[in-house]
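User: I should like to learn how to read a model of this kind, feature by feature. Please give the general idea at each step and then turn to the case at hand.

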Amino acid sequence: MHLLRHDLAIAAPGILLLLVAFVMPVSGILLLGVQDADRNFTLMHLTRFLTDPFYVAIGWRTVKLSLVITAICFAAGFPLAYIMARGGPKLRLWLLIAITLPLMTSVVVRTFGWMVILGRGGLVPQLMNALGLANRNFTLMQTETAIVIGMIQVLFPFMVLSILGVISKVDLRLEEAARVMGCSYLQSMRLVVLPLAMPGVIAGSLLVFTLSASYFITPTLLGGARLPVLASAIYETATKTLDWHFAAAQSIVLLAGVLLLMIPYARLSRKANG
Amino acid sequence: MVKGIPSFVKIFAIVYVTAIVLFVLGPLVVVAGVSFTAGDYVTFPPQGLSLRWYETIVSSPIYLEAALTSLKLAVLVTVTATLIGSAMAIVIHRARLPGAGIIAAFFLAPLVLPTIVFALGLLIAWSAYMGGTSLVTLWIGHTVIAVPYVIRTTLAVLSTSDKFLEEAGRTLGAGPWKAIFHVILPQAMQGIAAGAFFAFNISFDEAILSLFLRSPEIMTLPIQIYTQLEFSPDPSIAAASTMMILLTVIMIFVIDRLFGIQRVAG
C-alpha cells in the first residue's frame with residue numbers, strides 16, 4: 001500500500017498536467033463544436049461545414065493532397081527502407097540521420113528552403129526554363145505541387161521507419177529461397193518482401209495520411225491563401241474571424257477523421273511490435 | 001546459378017539514394033547557402049560570400065529578443081518535461097499502479113492527436129478563463145508535447161535495466177525515495193538526458209502552438225521567421241534559420257552519442 005502511494009505521488013504532477021492542460025482544453029473543443037452561443041446542443045456548425053461548398057472543397061483538397069502524399073511516400077520510401085534494412089550498419093546510420101535531420105528542424109526553416117527552391121528564379125523553375133518546359137517567370141509557389149513536395153520531405157521518414165521496422169525482421173533466407181526457386185530479383189521483391197512488409201506499409205500509410213491532413217504551416221506558406229486545407233482553415237477561422245464554435249466544429253471533423261484511421265494503425269503497430 | 005543482386009538494381013539503388021538525400025537535405029543546404037550571400041536578395045546560389053547577414057541578426061534587437069524568448073522557453077520546457085516525463089516513465093515501468101497501461105497510452109496521446117486541435121483548445125481555454133495567453137501558456141503547451149519523448153527514451157533505457165537492483169537496494173534498507181535517487185535514476189540517466197535534449201529541441205523549433213498562442217510578449221524565433229516569410233523575406237531569415245539548423249545538428253549528434261539515434265527511431 002505504501003509503495004502504491006509512493007508511485008501515485010511521483011505520477012501526480014504528470015497526471016494533473018495532462019488532465020488540466022490537455023484533456024480539458026481538447027474536450028472543451030469537442031463541446032464547443034456542438035454548442036450554440038447559449039450552450040445548447042446543436043449540429044449547426046457541423047452541418048455548415050458539410051454543406052458549404054467552400055468548406056467541402058477544402059475538405060476534399062485535404063483528402064486528395066493527403067492521398068497523393070501518402071502514395072508518393074510509399075513509392076519512394078519502400079526502396080529506401082529495403083536498402084537501409086539490407087545495407088551495412090554505417091549506411092543505415094547515415095541515412096537515418098539524413099532523413100531525421102529535416103524532421104527535427106523547425107517547420108518554418110525547411111519550408112523557407114522550399115520557398116527559395118520552388119519560387120520565381122529558384123533552382124527548379126530555372127532548371128525547367130533551361131529545359132524549355134517553362135518560361136522565365138515561372139514559379140511553383142502557390143501550387144498544390146509545392147505543398148506536396150514540401151510535405152513529403154517531412155512525412156517520408158515516418159513511412160520509411162514504419163516499413164524498416166517490419167522489413168528488418170523479414171528473414172533473408174526467404175528471399176534467397178525465392179531466388180533459388182527461380183524468381184528474378186524483382187519477382188522476389190514483389191512476391192516475398194512486399195507482402196511480408198505489408199503491415200509496415202499500411203501502418204506507415206495511415207500515419208502519413210493523418211499527419212499530412214493535420215499540417216498547416218507548410219501548406220499555408222507554400223500554397224498560399226488560395227489553396228486552403230482543413231488545418232489552415234481552422235487557423236484562419238480561429239485567429240482571423242474568431243468564430244470559435246466553427247473552428248471547433250472543423251477540429252471535430254479533423255479529429256474524427258484522424259481517430260478513424262488511428263484505430264487500425266494502433267492495431268497494426270501492436271501486431272508488428274508484438 | 002542464382003545471381004545476387006542484378007547490376008541494374010545496384011545502379012538504380014545508388015542513383016536513388018543520392019536523389020533522396022539531395023531531396024531531404026537540399027532545402028537545408030539552400031538555406032545555409034542563402035545566409036552567406038553578399039547581395040540584398042534571397043537567391044541561391046548566393047551572390048558573393050559574406051557574413052553581413054549574420055552581423056545583421058546579431059545586432060538586431062528583434063532577432064536577439066526572439067532568440068532570448070525561445071531560449072528561455074526551451075530551458076523552462078526542458079526542466080518541466082524532463083522531471084514529469086522521467087517520473088511518469090518510472091511509474092509506467094514499475095506497472096504497479098492500477099491502470100498503468102492506460103496511463104501510458106494516455107501520455108502518448110499528444111503525439112497522435114493533431115497538434116492544431118490541442119493548440120486551438122489551449123487558445124480558447126486561456127482566452128476564456130485566464131484573460132489571454134502568455135509565456136506560461138506556451139510553457140505548459142510545449143511541456144505537454146515534449147513529455148511523451150522523455151517518457152519514450154527513459155522507458156527504453158529502463159526496460160533494459162536490471163529490475164532486481166531496486167529490490168536489492170530496498171532490501172539493503174533504502175527507502176522508496178532513496179531507491180529512486182540512488183538506484184533508478186543513475187540507471188536511467190542516459191535515457192533521461194536524451195529525452196531532455198529532445199524536449200529542448202522540440203520547444204526551440206515548435207511553431208504550431210506558438211503561432212496559435214502568439215502575442216507580442218511571446219515572439220519566439222520560429223514565429224519571427226514565419227512572420228517575415230509571410231511579408232518580406234530577406235537573407236537575415238536565412239542566417240537565423242542556419243543557426244537553428246546548426247543547433248539541431250548538434251542536438252542530433254549529442255542524442256546519438258548519449259542514446260543512439262537508431263533506438264529513437266525504432
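User: To begin with secondary structure, how many helices and how many strands does chain B have?

Analyst: One starts by counting the elements and reading their order along the chain. This is a predicted model, and in it chain B has 12 helices and 0 strands. Read from the N terminus, the elements of chain B run α-α-α-α-α-α-α-α-α-α-α-α. Chain A likewise contains 12 helices and 0 strands.

User: What confidence does the model carry, and which elements of chain B have the lowest and the highest mean pLDDT?

Analyst: Confidence is read at the level of the whole model, then of the chain, then of the element. The model scores ipTM 0.88 and pTM 0.89. Chain B averages a pLDDT of 88, and 98% of the residues score at least 70. Among the elements of chain B, helix α12 (residues 261-265) of chain B has the lowest mean pLDDT, 71, while helix α3 (residues 61-94) of chain B has the highest, 93.

User: What box do the C-alpha atoms of each chain fill?

Analyst: The extents are taken along the principal axes. For chain A the box is roughly 75 × 70 × 35 Å; for chain B it is roughly 75 × 70 × 30 Å.

User: What share of each chain counts as buried, and what share of the contacts joins residues 24 or more positions apart?

Analyst: Burial and sequence separation are read side by side. Of the 274 residues of chain A, 46% count as buried; of the 266 residues in chain B, buried residues make up 47%. Among contacts with a separation of 6 or more, residues 24 or more positions apart account for 72% in chain A and 73% in chain B.

User: How should a helix pair be read, for example α10(B) and α11(B), and at what angle do their axes cross?

Analyst: One takes the axis distance and angle, then the handedness, then the residues that meet. The axes of helix α10 (residues 221-230) of chain B and helix α11 (residues 235-259) of chain B come within 11 Å and cross at roughly 150 degrees. Angles over 145 degrees count as roughly antiparallel, so α10(B) and α11(B) are roughly antiparallel to each other. α10(B) passes α11(B) in a left-handed crossing. On the α10(B) side, L221(B), I225(B), Q228(B) and L229(B) meet I237(B), A240(B), S241(B) and M244(B) of α11(B). By class, this contact has 6 nonpolar, 2 polar and no charged residues.

User: Which residues form the contact between α8(B) and α11(B), and are these helices roughly parallel or antiparallel?

Analyst: The steps are repeated for this pair. Helix α8 (residues 176-205) of chain B packs against α11(B) at an angle of about 165 degrees, with the axes 9 Å apart. The two helices are therefore roughly antiparallel to each other, and their crossing is left-handed. The residues of α8(B) in the contact include A194(B), F197(B), F198(B) and D205(B); those of α11(B) include M244(B), L247(B), M251(B) and I255(B). By class, the contact has 12 nonpolar, 4 polar and 1 charged residues. M244(B) of α11(B) thus appears in the contact with α10(B) and in the contact with α8(B).

User: Finally, how many residues of each chain are in contact across the interface?

Analyst: The size of an interface is often given as the accessible area lost when the parts come together. Here residue counts are used: 67 residues of chain A are in contact with 69 residues of chain B. Helix α1 (residues 2-32) of chain A supplies the largest share of the chain A side, 19 residues. By class, that side has 52 nonpolar, 12 polar and 3 charged residues.

Definitions and conventions. Residues numbered from 1 in each chain as written. Chains lettered and ligands numbered in written order. Predicted model: local features only at pLDDT ≥ 70, side-chain atom pairs only at ≥ 80, totals over all residues. pLDDT = per-residue confidence, 0-100. Helix = DSSP H or I, 4+ residues; strand = E, 2+ residues; numbered from the N terminus. Contact = placed C-beta atoms within 7 Å. Nonpolar A, V, L, I, M, F, W, Y, C, P; charged D, E, K, R; others polar. Buried ≥ 20, exposed ≤ 12 C-beta atoms within 10 Å, placed from the backbone. Axes fitted to C-alpha atoms, helices over the stretch in contact; angles between N-to-C directions. Parallel < 35°, antiparallel > 145°, perpendicular 65-115°, else oblique. Left-handed = near helix turned anticlockwise from the far one by under 90°.
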